[in-house]
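Reader: I would like a close look at one kind of contact in this protein, the salt bridges. Please also place them among the helices and strands.

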Amino acid sequence: MSKKIIIAIDGHSSTGKSTVARQLAKKLRYIYVDTGAMYRAVTLYAMRKCFIDENRFNKEALERFLPFIHIKFEVNSKTGLAEVFLNNENVEKTIRKLAVSNFVSQIAAFSQVRKKLVEQQQLMGKDKGIVMDGRDIGTVVFPDAELKVFMTATAKDRAERRYKELLERGEDVTYEDVLKNVVDRDHIDSTRKDSPLRKAEDAVVIDNSNLTLEEQFDQILTLAREVISKKS
């Protein structure tokens, strides 16, 4: 029986981290955790409470309410995929909207939010056999992960993918707004003081600007199987 490992997938927004991580977990029969969804859920909560908007971010209020924010993942029996619940409400579709995307990097840069969610994420990986994606998985959450992948692509390529995805969901968005969101999130994610987005020294870089979803999945699956075989 092969030993289970922790697979950490980090990278810029809209590089397809969640898609490939979900596929990988299913193939390996591992648990998949979308940490971006956790930060999006907190963002949605803050928006609903009017703690954040275009003009202000009331960090003190959000910090006071953090104990009342409960996030969990449940598998959809029809799709077989994990979906995120915020205080027992399925918010999987709502948190993917551009309105939430516009504020998620600010929420994720808030130290108190990161502290709360990182603690939860580390608990989820205590038994290994997990694929987790985000911005600081290989550098902060699981610095000892057996496999670390850092995914990247040009802002233009990422914006085009995200734009098509949002249109398919029926959102009324412009490509220019999506590109601005991608560029802005890159800047906030990379320059924040607490756990900035950066490549772990031992991470394998996957630039998928010119790769299909199948090609990038095959590359990462091969890497995972090589590491697992060495551990067995």
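Author: What follows goes through three salt bridges one by one and ends with a pair of packed helices. The model is predicted. It contains 15 salt bridges.

Start with arginine 96 and aspartate 34, whose side chains form a salt bridge with 2.9 Å from N to O. Arginine 96 sits in the loop between strand 5 (89-90) and helix 4 (98-108), while aspartate 34 belongs to strand 2 (residues 31-34), so this salt bridge ties together parts that are 62 residues apart in sequence. Arginine 96 and aspartate 34 are both buried, and buried here means under 20% relative accessible area. The pair also belongs to a network of salt bridges, in which Asp34, Glu92 and Arg96 are linked.

The second salt bridge joins the side chains of glutamate 146 and lysine 128, at 2.4 Å from N to O. Both residues are in loops: glutamate 146 in the one between helix 6 (137-141) and strand 7 (147-152), lysine 128 in the one between helix 5 (111-124) and strand 6 (130-134), so the parts tied together are 18 residues apart in sequence. With a relative accessible area of 35%, lysine 128 is partly exposed.

The third salt bridge lies within one helix. Lysine 180 pairs with aspartate 184, and their closest N and O atoms are 2.6 Å apart. The two residues are four apart in helix 8, which means that about one helical turn separates lysine 180 from aspartate 184. Lysine 180 is exposed, its relative accessible area being 52%. Aspartate 184 has 33% relative accessibility and counts as partly exposed.

Helix 8 also packs against another helix. Two packed helices are described by the angle between their axes and the distance between those axes. For helix 7 (residues 155-168) and helix 8 (residues 175-191), the angle is about 125 degrees and the axes are 9 Å apart. Helix 7 is therefore oblique to helix 8. The crossing of helix 7 past helix 8 is right-handed. On the side of helix 7, the contact is made by Ala155, Lys156, Arg158, Ala159, Glu160, Arg162, Tyr163 and Leu166; helix 8 contributes Tyr175, Val178, Leu179, Val182, Val183 and Asp186. Sorted by class, this contact of helix 7 with helix 8 has nine nonpolar and five charged residues, and no polar ones.

Terms used: Residues are numbered from 1 along each chain as its sequence is written. This is a predicted model: local features need pLDDT of at least 70, side-chain atom pairs count only at pLDDT 80 or more; totals for chains, interfaces and linings use all residues. Side-chain values use heavy atoms; hydrogens and water are left out. Axes are lines fitted to C-alpha atoms, for helices over the stretch in contact, and angles run from 0 to 180 degrees between N-to-C directions. Angles under 35 degrees count as roughly parallel, over 145 as roughly antiparallel, 65 to 115 as roughly perpendicular and the rest as oblique. A crossing is left-handed if the near helix is turned anticlockwise from the far one by less than a right angle, and right-handed if clockwise. Contact means heavy atoms within 4.5 Å. Ala, Val, Leu, Ile, Met, Phe, Trp, Tyr, Cys and Pro count as nonpolar, Asp, Glu, Lys and Arg as charged, and the others, Gly among them, as polar. A salt bridge is a side-chain nitrogen of Lys or Arg within 4 Å of a carboxyl oxygen of Asp or Glu. Buried means under 20% relative accessible area, exposed over 50%, partly exposed in between (1.4 Å probe, protein chains only).
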